[in-house]
Amino acid sequence: MSAETLLHTPLFTLHEEAGGKMVPFAGYAMPLNYADGIMAEHRHVREHAGLFDVSHMGQVRLRGRSGDGEAAAHALERLVPADIVALKTGRQRYTQFTNEKGGILDDLMVARMGDSLLLVINAACKDADIAHLQDELADCLVEVLEDRALLALQGPEAEDALAALAPAVRDMKFMDVRDVDVDGALCTISRSGYTGEDGFEISLPAMDASRVARKLLEQPAVKLIGLGARDSLRLEAGMCLYGSDIDETTTPVEAALEWSIQKSRRRGGAREGGFPGADVILAQLEEGVSRRRVGVLPEGRAPVRGGAPLYADVEFATPLGKVTSGAFGPTVEAPVAMAYVATEYAAPQTPIVAELRGRAVPATVHVLPFVPARFKR
């Protein structure tokens, strides 16, 4: 897309004022990084607090037509393998939209907010996800929240920074969701994020986004962070990027996301199956899969990027799979990657080989995440 046709988030002017290097991403002009660069921004989030603009993500409110949150929860379970019915008000859960073959159409967050569910969906899948909800859940009201922005405040000093404006957030634990006033803006805040660090995601009216962001940036610990560091942070945290690490050809079990499928939705559970591809996914949970998503630590300093083939041997005679995401990990101080490999090679510490520009690079399968999560539980 040309620069003229790219969409702008409510923080576009702030990004330009801050010297953000703007790039196309999912149809939006988004900041890749600022003057300090990706490595410095990454380290700032791990040590202090970083503010991310994620307003390109989709936000949807789902209600039963009777106004009943319980009805919406039962309805959404027709599309996702997670237990939504048991989700308590003020809590959220990670899940996936699946297709009839068990593949992942998108991954999303679902929060229970009394008589409704609040869904956060990926920017690149936004239109397809909304159409999917409207087509499949005729018994629900699907309200697209076009007038909302989304900020993410991440890092060990995120709580102090946000509590300076909204003291109530100190009481929140990982995956709690709460409506909170922040500098006069009514925000829906979840204690969650995409970095492996403690932090918050803040949904708020678009008209208030720039003001609230600037207030947060007045806190000494907080700096703006771009897409580049967001990617390296989530990679170290072992978190999937839709379109790279998961897609319509990968199932939640192959992607090592079976932790997100609760017992109630599995065989013998209270609401077994009932979602697209359930026969495939439930069979995989019991019988296993032929490939698995794993972490990979290549030797040396050169990153092994997405698409790089993986082998069992330096002669490239036995293919194992391929890298889906790869970068230099500033916290690990080494290249890190995620990949799908044949299951018999998926155990941690298994030696494998990556092909980098025709050269054999020794690597080791590594347990995910590379950097331990620091959520406030």
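**View 1. The C-terminal domain annotated in UniProt, shown on a predicted model.** An unreviewed UniProt entry carries the annotation "domain: Aminomethyltransferase C-terminal" for residues 291–371. Across residues 291–371 the chain is 56% strand and 0% helix. The end C-alpha atoms of this span are 23 Å apart.

**View 2. The N-terminal domain from the same kind of record.** The UniProt annotation "domain: GCVT N-terminal", from an unreviewed entry, covers residues 12–263. Here we meet both kinds of secondary structure, with 25% helix and 32% strand. The end C-alpha atoms of residues 12–263 lie 43 Å apart.

**View 3. A cis peptide bond at Pro-369.** Most peptide bonds are trans. Leu-368 and Pro-369, however, are joined by a cis peptide bond, with omega at about 0 degrees. To find the spot, follow the chain into the segment after strand S19 (359–366), where Pro-369 is found.

**View 4. Positive phi at Ala-26 and Arg-357.** A negative phi is what most residues other than glycine have. Ala-26 has a positive phi, near 55 degrees, and sits in the loop between strand S1 (21–25) and strand S2 (28–33). Its relative accessible area is 33%, so Ala-26 is partly exposed. Arg-357 also has a positive phi, near 50 degrees. Look for Arg-357 in the loop between strand S18 (351–356) and S19. With a relative accessible area of 75%, Arg-357 is exposed.

**View 5. A salt bridge between two strands, Arg-61 to Glu-143.** Side chains of opposite charge can pair when their charged atoms come close. In this view, the side chains of Arg-61 and Glu-143 meet in a salt bridge at 3.7 Å, N to O. The pair links distant parts of the chain, with Arg-61 in strand S4 (residues 58–64) and Glu-143 in strand S8 (residues 140–144), 82 residues apart. Arg-61 is partly exposed at 25% relative accessible area, and Glu-143 is partly exposed at 36%.

**View 6. A buried salt bridge between two loops, Arg-265 to Glu-77.** The side chains of Arg-265 and Glu-77 meet at 3.7 Å, N to O. This pair, too, links distant parts of the chain, its residues being 188 residues apart. Arg-265 lies in the loop between helix H7 (227–236) and helix H8 (278–287), while Glu-77 lies in the loop between helix H3 (69–76) and S5. Are the two residues buried or exposed? Buried means under 20% relative accessible area, so Arg-265 counts as buried at 1%, and Glu-77 counts as buried at 4%.

**View 7. Arg-191 and Asp-198 within a network of salt bridges.** A salt bridge joins the side chains of Arg-191 and Asp-198 at 2.6 Å, N to O. Arg-191 is buried at 1% relative accessibility, and Asp-198 is buried with a relative accessible area of 11%. Widen the view and the pair becomes part of a network of salt bridges that also links Glu-159, Asp-160, Arg-170 and Lys-376. For context, a search of the whole structure finds 25 salt bridges.

**View 8. A patch of negative charge on the surface.** Which residues gather in this patch? They are Glu-100, Asp-135, Glu-136 and Asp-279. Glu-100 makes a handy landmark, in the loop between strand S5 (92–98) and strand S6 (104–113). At 61% relative accessible area, Glu-100 is exposed.

Methods: Residues are numbered from 1 along each chain as its sequence is written. This is a predicted model: local features need pLDDT of at least 70, side-chain atom pairs count only at pLDDT 80 or more; totals for chains, interfaces and linings use all residues. Side-chain values use heavy atoms; hydrogens and water are left out. Patches are made of residues with over 30% relative accessible area and no salt bridge: like charges are joined within 9 Å, nonpolar side chains (Val, Leu, Ile, Met, Phe, Trp, Tyr) within 5 Å. Accessible areas come from the Shrake-Rupley method with a 1.4 Å probe; for residues, only the protein chains shown count as cover. A salt bridge is a side-chain nitrogen of Lys or Arg within 4 Å of a carboxyl oxygen of Asp or Glu. Lys and Arg count as positive and Asp and Glu as negative; His and the chain ends are not counted. The place of a charge is taken as NZ of Lys, CZ of Arg, CG of Asp or CD of Glu. Helices (H or I, at least four residues) and strands (E, at least two) are DSSP runs, numbered from the N terminus. Buried means under 20% relative accessible area, exposed over 50%, partly exposed in between (1.4 Å probe, protein chains only). UniProt positions are given in the numbering used here, feature names are shortened, and annotations may be inferred rather than shown by experiment.
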